[in-house]
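Open the model in your viewer and keep the sequence panel beside it. The stops below say what to select and what is found there.

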Amino acid sequence: PAPADCTTMEPLLAPNQASAGKAKAAMGALPLVAGVLVGVPLVGSEIETRTATIAWSLGPSRRRWLIVRLAILGLGLAAVLALPAIAANVLEVQRPPNYDPASATFVDYGLRGPVVVARGLSVFAIAVLCGLVVGRQLPALIVAGLLAIVLWNGLTMLSESGWPTAETFTPRADQFYLQTGGSVGASLSKDAPAAIVGIPGERLAFVEPRELVVLGGLTVVLLGAAVVGIERRRPL
């Protein structure tokens, strides 16, 4: 039977769980929306409104003009995304009782912590390059959004592949794991099977740094391509 304390706490935990679910759903879209809306107008608005020639002539070179704005907006975007990313990490610990973060690496993975900032910056880089190449804000917004979704699907596949390989182990009632063929961050109930094929959550701590490196490299490459390409871009 459930202890009396559990019965008393249930009315308090239920609203928290419901509110946390809505907040985490919003965190899924925040990096994409923020990165696209900040990145596309950086160059795309100048080209579309035919003010690029004037804007680019204000500085010593187009590249310096772009680099300064990339630094300002990129750092600003990272700071803005860092606040909800940290808050989501704190909120995650408050959701289920007896939560053990050490064994729950993949619970709400990608919706909290530094991955949120890294994904937002990678979308920002995609959006800047799309705005530069397309030169029209609305089409560039659509293209950048589609490319970001493709990127995130690839990252999901990456997080579920590679070392360590799945193994058969006896789960604990409070253990989080990545089950083979299942969803990331599933938790076991009291009716869990005696043995499952999967990867314990605590062994997957290497996946987050791996994604950060991949996203960081991609961001640098895309922004570098934009810096190089702006010299060849003709204003409309």
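A salt bridge here is a side-chain nitrogen of Lys or Arg within 4 Å of a carboxyl oxygen of Asp or Glu. Keep in mind throughout that this is a predicted model.

**Whole chain**

Start with a cartoon view of everything. The chain holds six helices and four strands. Followed from the N terminus, the order of elements is α-α-α-α-α-β-β-β-β-α. Of its 236 residues, 39% count as buried. Switch to a surface view: about 12500 Å² is exposed, and carbon and sulfur atoms supply 67% of that area. Among contacts with a separation of 6 or more, 77% are between residues 24 or more positions apart.

**First stop: R63 and E231**

How many salt bridges does a search of the whole structure find? The search gives two. For one of them, select R63 and E231 and show their side chains, which meet with an N to O distance of 3.8 Å. That value falls within the 4 Å cut-off, so the pair counts as a salt bridge. R63 belongs to helix α3 (residues 62-94), while E231 is in the segment after α6 (207-229), so the pair ties together parts that are 168 residues apart in sequence. Colour both residues by accessibility. R63 is partly exposed, at a relative accessible area of 38%. E231 is also partly exposed, with 36% relative accessibility.

**Second stop: E211 and R119**

Now select E211 and R119. Their side chains form a salt bridge in which the closest N and O atoms are 2.7 Å apart. E211 lies in helix α6 and R119 in helix α4, so this pair ties together parts that are 92 residues apart in sequence. Are these two residues buried or exposed? Both E211 and R119 are buried. For R119 the relative accessible area is 10%, and the cut-off for buried is under 20%.

**Third stop: around R119**

Stay on R119, which is placed in helix α4 (residues 114-134). Add W152 to the selection: the charged end of R119 sits over the ring of W152, 5.5 Å from its centre. Then show what else surrounds R119. Leaving aside neighbours within four places in sequence, its contacts are P31, Y109, G110, W152, L155, E211 and L215. While rings are on display, note that the count of aromatic pairs comes to zero.

**Fourth stop: V117**

Move along helix α4 to V117, which lies in that helix. V117 is buried, with a relative accessible area of 17%. Which residues does V117 touch, not counting those up to four places away in sequence? They are A78, L81, A82 and A85. Next, draw a distance between the C-alpha atoms of V117 and P84; the viewer should give 9.5 Å for these residues, which are 33 apart along the chain.

**Last stop: a nonpolar patch**

Return to the surface view and select V133, V134, V143 and L147. Together these residues make a nonpolar surface patch of about 300 Å². Helices α4 and α5 (137-159) are the elements that give two or more residues to the patch. Finish on V134, one of the patch residues, whose place is in helix α4. V134 is partly exposed, with a relative accessible area of 32%. Patch residues need over 30% relative accessible area, so V134 meets that condition.

Notes:
Residues numbered from 1 in each chain as written. Predicted model: local features only at pLDDT ≥ 70, side-chain atom pairs only at ≥ 80, totals over all residues. Heavy atoms only, no water. Phe/Tyr/Trp six-rings, centres within 6.5 Å; stacked < 30°, edge-to-face > 60°. Lys NZ or Arg CZ within 6 Å of the ring centre and 35° of its normal. Buried < 20%, exposed > 50% of the residue type's maximum accessible area, 1.4 Å probe, protein only. Contact = heavy atoms within 4.5 Å. Patch = residues over 30% accessible without salt bridge, like charges linked within 9 Å, V, L, I, M, F, W, Y side chains within 5 Å. Areas by Shrake-Rupley, 256 points an atom, 1.4 Å probe, with all protein chains shown as cover.
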